[in-house]
Amino acid sequence: MSKVSEGRGAWFLKHAYLWAMLALIFLPFYVMLVVSFKDNTQFYNRTWAPTWPLHWGNWLEAWDTVGVYIANSVFLAVTATLITLVAAVLASYVFGRYRVPFGDLFWAGLIVLMLMPGVANLIPLFNLMKRLTLLNSLLGLSVVTAAGGQVFCLYVLRNFIEDMPKEFFECARIDGASHLQQVIHVVIPQCGGIISALAIMQFVGAWNSFILPLITIRDTELLPLAVGLYRLQGAYVKQWGPLMAAYFISAVPLVILFAFTMRFFIRGISEGAIKG
Amino acid sequence: MARERVRFSQIKRYWPLYAMVVPTLVLVGLFMYWPAVSGVWHSFYRWDGDEVATYTGLQNYGRAFTDPKFGYAFVVVGILFVASLFKMIPSIVTAVVIHRITSDKARYLYRLLFVVPMVIPWMVVLLIWKFFYNPIVGLLNSVLNTTHLMDVLVWANAWLVKAGIVDSAAFVANKSPAWLGDPDLVLPALIFWGFPWIGIIGVLIYLSGLEKIPRSVYECAELDGVGWFRKFLYIELPLIATQVRINLVLMIIGVLKGYGLILVLLGDDGGPAGRGLVPGLYMYYNAFIRREAGYACAMGILLFFLILALTVINNKLVRVEK
Amino acid sequence: MAEVKFVNVSKVYEGGVQAVKDVDLTVEDGSLLVLVGPSGCGKSTTLRMVAGLEEVTEGDVYIGGRRVNDVLPKDRDIAMVFQNYALYPHMTVYNNMAFGLKLRKYPTEEIEGRVQQAAELLEINELLQRRPRELSGGQAQRVAVGRAIVRHPQVFLFDEPLSNLDAKLRVQMRVEIARLHERLGATMIYVTHDQVEAMTLGSKVAVMKDGYIQQIDTPMELYDHPVNKFVAGFIGSPPMNFMEGQLSRAADGVRFTAEDLQLTLGDELASGLRGHVGKSVYLGIRPEDIHDSAYFSDVDPANVKTIRAEVVEPLGSETLVYLRGGAQRRDIVAKFDARSTPAVNQDVRVAFDVTKAHVFDGDSEESLTRARELGRVG
């Protein structure tokens with residue numbers, strides 16, 4: 001962009017626009033923060049402006065309730081992501097490098113599955129889980145979530161592996177590597193970027209999962225975050241302070257995740273957009 | 001790149017490959033194919049989701065075609081889709097503005113700042129908006145009142161009623177509009193949700209596309225004396241338009257399938273007078289609340305065929321593009 | 001004994017594409033054979049059949065006397081160097097080289113010894129602890145070669161290893177590979193599309209086109225006695241000039257008439273050509289055999305012509321002159337003596353050394369003069 005033709009007006013407009021947008025976007029967080037320190041009297045009197053004294057106790061109360069949910073979600077997200085990636089990496093190696101009997105049929109089926117509205121299959125899925133005693137279990141939920149994540153991951157990974165120069169694999173073959181060793185020493189190092197991006201996507205997806213846990217988990221202590229908060233806003237109808245604090249706390253783990261992995265994610269999205 | 005063919009007969013030699021596919025096959029076969037097949041099967045039955053199942057043939061399908069609520073659900077989806085098209089504009093504008101920022105450091109900073117909201121769990125965002133829409137303590141009404149926009153709305157409402165155009169009493173003096181509780185306000189509330197409608201993933205994707213435009217194109221335009229708006233029109237917009245066109249059908253499909261948002265904001269019946277009903281939610285409602293799972297499955301199959309048709313059309317369009 | 005032998009080998013891909021057709025080939029133990037040809041000629045496929053990376057559709061491949069059609073690549077005792085090095089990015093250079101040995105459970109001291117030895121040979125000792133991304137192209141290629149050496153294979157396979165390097169580095173590495181062959185004395189098969197590499201490296205060179213081997217010979221034989229128009233035009237830089245024309249009888253031999261150029265082919269050439277009088281043929285003559293008549297006198301005056309010089313490129317060691325082509329033929333490229341300085345767009349007196357010319361059949365493109373040449377020599 002030529003700096004010469006940049007008028008001061010243009011510069012100001014651009015930055016002003018962006019900051020205005022940012023202000024609008026961050027408004028909810030400001031609200032959350034402010035309200036989280038209020039007790040109900042303060043809330044009803046002056047809802048939006050900060051009020052003193054700050055009720056730190058709200059946060060403790062929130063943590064007591066929401067902490068469990070967060071732990072559940074961590075378990076769910078980590079387990080689901082792991083299972084998804086292990087299964088997907090192994091399978092996409094096979095699909096990307098070889099033509100397996102019925103392989104094309106399987107792929108066509110995957111595309112069809114992607115198009116199905118999930119809700120129609122919920123009841124049969126529920127029954128299946130019941131029969132396999134996977135109900136009311138975070139592990140069961142992880143497994144089913146991993147199944148759902150396969151389609152996208154397989155699609156992306158298979159294309160990636162197909163596009164990789166054959167030489168890497170052939171070299172390993174000549175060196176004497178078994179298939180599993182080829183996955184470990186060729187696929188994972190070469191596809192590290194896209195695998196990380198997929199992992200992050202799966203993690204966030206599992207973190208946000210709502211419908212499935214809603215219908216399968218019964219015990220309140222096992223609820224993952226989204227469902228927990230949903231139930232909470234019914235129960236907490238009058239206690240706004242702790243509620244907001246709970247929302248805020250819920251956002252923290254993902255912030256930490258992103259702080260560490262943002263670079264991968266942005267790069268992964270760009271690569272994905274290219275291949276797209 | 002030619003892939004080596006694996007023959008079933010040589011299973012002894014290729015067994016590791018077969019073994020490696022097993023986890024995926026089990027997961028997908030068991031938890032995705034099976035429920036789908038079962039869904040198709042049960043669409044021909046009257047089923048309560050558990051044991052009771054009586055064969056009813058195509059009755060569920062017939063019912064779906066004549067069910068006014070089902071049809072209305074598609075109208076809602078149509079409205080929401082059109083709205084979502086407009087809601088793409090802020091993302092595009094933001095991406096372009098960020099792209100035009102001269103300082104690299106500033107650009108990186110903005111990207112960072114805009115990405116942060118992506119980190120908030122979706123449920124939290126939804127619940128915050130539910131809070132905003134709260135008639136008594138919600139932010140929206142507070143803002144409207146403080147800026148006296150509320151008075152404008154009340155005036156407009158009265159004028160429209162007098163002119164016979166509109167029939168509702170949504171905005172009346174001294175009454176707090178119930179955005180999620182008033183049947184007339186439900187759809188506007190759903191459309192307005194998410195203001196300022198800057199979807200981070202969209203921005204990032206547009207940005208990465210914009211960044212691929214070679215510098216030389218801009219420099220050429222500079223030499224030709226093209227102004228900033230024209231630059232947008234001829235350089236950036238076509239690129240984004242292409243991306244949008246490719247994603248258009250995916251968007252439609254997404255809107256068709258989605259219902260979690262409505263569920264949280266309005267409840268499982270689609271809100272007051274069912275004004276916010278979408279197909280997905282209606283299926284959920286039938287399956288889990290009214291225990292008419294067979295009917296829900298039938299609707300699901302119909303929806304699937306619609307999505308399939310749209311995808312086929314999309315593929316034809318995309319091929320034409322290429 | 002590490003002789004590589006192809007007997008009647010063909011390779012057909014699914015979908016019917018025939019990449020390699022009926023190849024008979026023997027690479028003697030300890031020799032370096034270069035497979036050269038344009039893209040898609042089947043040279044890489046042939047190499048990969050030796051490695052076991054492609055299945056043999058028909059025929060037999062032998063390594064060291066053993067039929068290896070159904071033997072897995074890792075059991076064939078071969079090592080391969082690829083075009084894009086294919087180093088494991090997450091391992092150090094040392095581990096890259098040791099990987100194959102580790103997989104075969106060689107004892108650590110043995111591995112250590114072999115890697116050090118190869119590193120010394122290739123002068124990459126200081127690089128052993130580095131990662132591939134820190135290496136330059138030339139260094140990475142050397143590591144790839146080192147990885148092959150430590151395996152002490154029966155046969156070394158090179159698949160266009162220098163194509164990714166810049167010109168100067170390519171020349172350097174070429175010399176190193178030649179030297180390596182001297183030192184190790186191992187059987188090597190080398191694939192390239194660059195005829196310069198082929199000429200300089202190979203004790204024997206196989207020229208391939210469209211899946212067939214056109215000719216296997218020493219570099220000089222390929223240059224002096226090409227078996228057909230393709231080989232003649234492929235070997236040598238700048239490439240041989242071809243003119244299409246007719247043969248006619250003349251008092252002093254056979255006359256070749258192209259569109260606007262006539263050359264008299266003397267008695268020696270004429271003897272083998274009489275049968276083709278009246279037919280259309282190609283006359284091939286190399287730039288180095290077209291001279292400025294001021295500096296070359298050993299020529300039949302009938303073969304000195306006046307032609308306009310369109311482009312002149314003084315190279316220092318010689319001068320390339322592009323002589324005007326007619327409506328139906330391209331420019332004739334001539335390599336003049338360095339002292340010659342023709343002016344651009346001026347007529348020059350050009351001497352065609354017809355004794356070095358080749359004549360090719362108009363249809364089959366086979367050499368009509370080769371048999372005579374060989375007969376004369378042999």
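In the predicted model, the contact between helices α7(A) and α8(A) brings together Phe168(A), Phe169(A) and Ala172(A) from α7(A) with Gln181(A), Gln182(A), His185(A), Val186(A) and Gln190(A) from α8(A). By class, this contact holds four nonpolar residues, four polar residues and no charged ones. Helix α7 spans residues 166-175 of chain A and helix α8 spans residues 179-190, and the two pack at an angle of about 150 degrees with their axes 10 Å apart. Because angles over 145 degrees count as roughly antiparallel, α7(A) and α8(A) are roughly antiparallel to each other. The crossing of α7(A) past α8(A) is right-handed.

These two helices also take part in the contact between chains A and C, to which chain A gives 13 residues and chain C gives 16. On the chain A side, α7 and α8 each supply at least two residues. The largest share there, seven residues, comes from α7(A). The side of chain A that touches chain C consists of six nonpolar, three polar and four charged residues.

Chain A as a whole contains twelve helices and one strand. Their order along the sequence is α-α-α-β-α-α-α-α-α-α-α-α-α. Chain A has 276 residues, of which 44% count as buried. Among the contacts in chain A with a separation of 6 or more, 77% join residues 24 or more positions apart.

The contact between chains A and B involves 75 residues of chain A and 74 residues of chain B. Helix α1 of chain B, covering residues 11-42, contributes 17 residues, the largest share of the chain B side. That side of chain B is made up of 54 nonpolar, 14 polar and six charged residues.

Elsewhere in chain B, helix α14 (residues 279-289) is mostly covered, with nine of its eleven residues buried. The buried positions of α14(B) are Pro279(B), Gly280(B), Leu281(B), Tyr282(B), Met283(B), Tyr284(B), Tyr285(B), Asn286(B) and Ala287(B). Just after this helix, Arg291(B) adopts a positive phi of about 55 degrees. Chain B also contains a cis peptide bond, from Phe195(B) to Pro196(B), with omega near 5 degrees. Pro196(B) is located in the loop that runs between α9 (183-192) and α10 (200-210) of chain B.

Chain C is divided into two domains, with domain 1 covering 4-233 and domain 2 covering 234-377. Their C-alpha centres lie 38 Å apart. The contact between the domains takes 15 residues from domain 1 of chain C and 17 residues from domain 2 of chain C. On the domain 1 side, the elements that give two or more residues are α6 (195-201), α7 (219-224) and α8 (229-234) of chain C. Of these, α8(C) gives the most, with five residues. The residues of domain 1 that touch domain 2 comprise ten nonpolar, four polar and one charged.

A cis peptide bond in chain C joins Ser237(C) and Pro238(C), with omega about -5 degrees. Pro238(C) belongs to the loop between α8 and β11 (241-250) of chain C.

Two residues of chain C other than glycine have positive phi values and are set in unlike surroundings. Asn8(C), which is not a glycine, has a phi of about 55 degrees. Asn8(C) is part of strand β1 (residues 4-12) of chain C. Asn8(C) counts as exposed because it has 10 C-beta neighbours inside 10 Å, the limit for this class being 12 or fewer. Tyr85(C) likewise has a positive phi, near 55 degrees. Tyr85(C) is placed in the loop between β6 (78-81) and α2 (93-103) of chain C. With 23 C-beta neighbours inside 10 Å, Tyr85(C) therefore counts as buried, a class that requires 20 or more.

Note on methods. Residues numbered from 1 in each chain as written. Chains lettered and ligands numbered in written order. Predicted model: local features only at pLDDT ≥ 70, side-chain atom pairs only at ≥ 80, totals over all residues. Axes fitted to C-alpha atoms, helices over the stretch in contact; angles between N-to-C directions. Helix = DSSP H or I, 4+ residues; strand = E, 2+ residues; numbered from the N terminus. Parallel < 35°, antiparallel > 145°, perpendicular 65-115°, else oblique. Left-handed = near helix turned anticlockwise from the far one by under 90°. Contact = placed C-beta atoms within 7 Å. Nonpolar A, V, L, I, M, F, W, Y, C, P; charged D, E, K, R; others polar. Domains from an automatic or database assignment.
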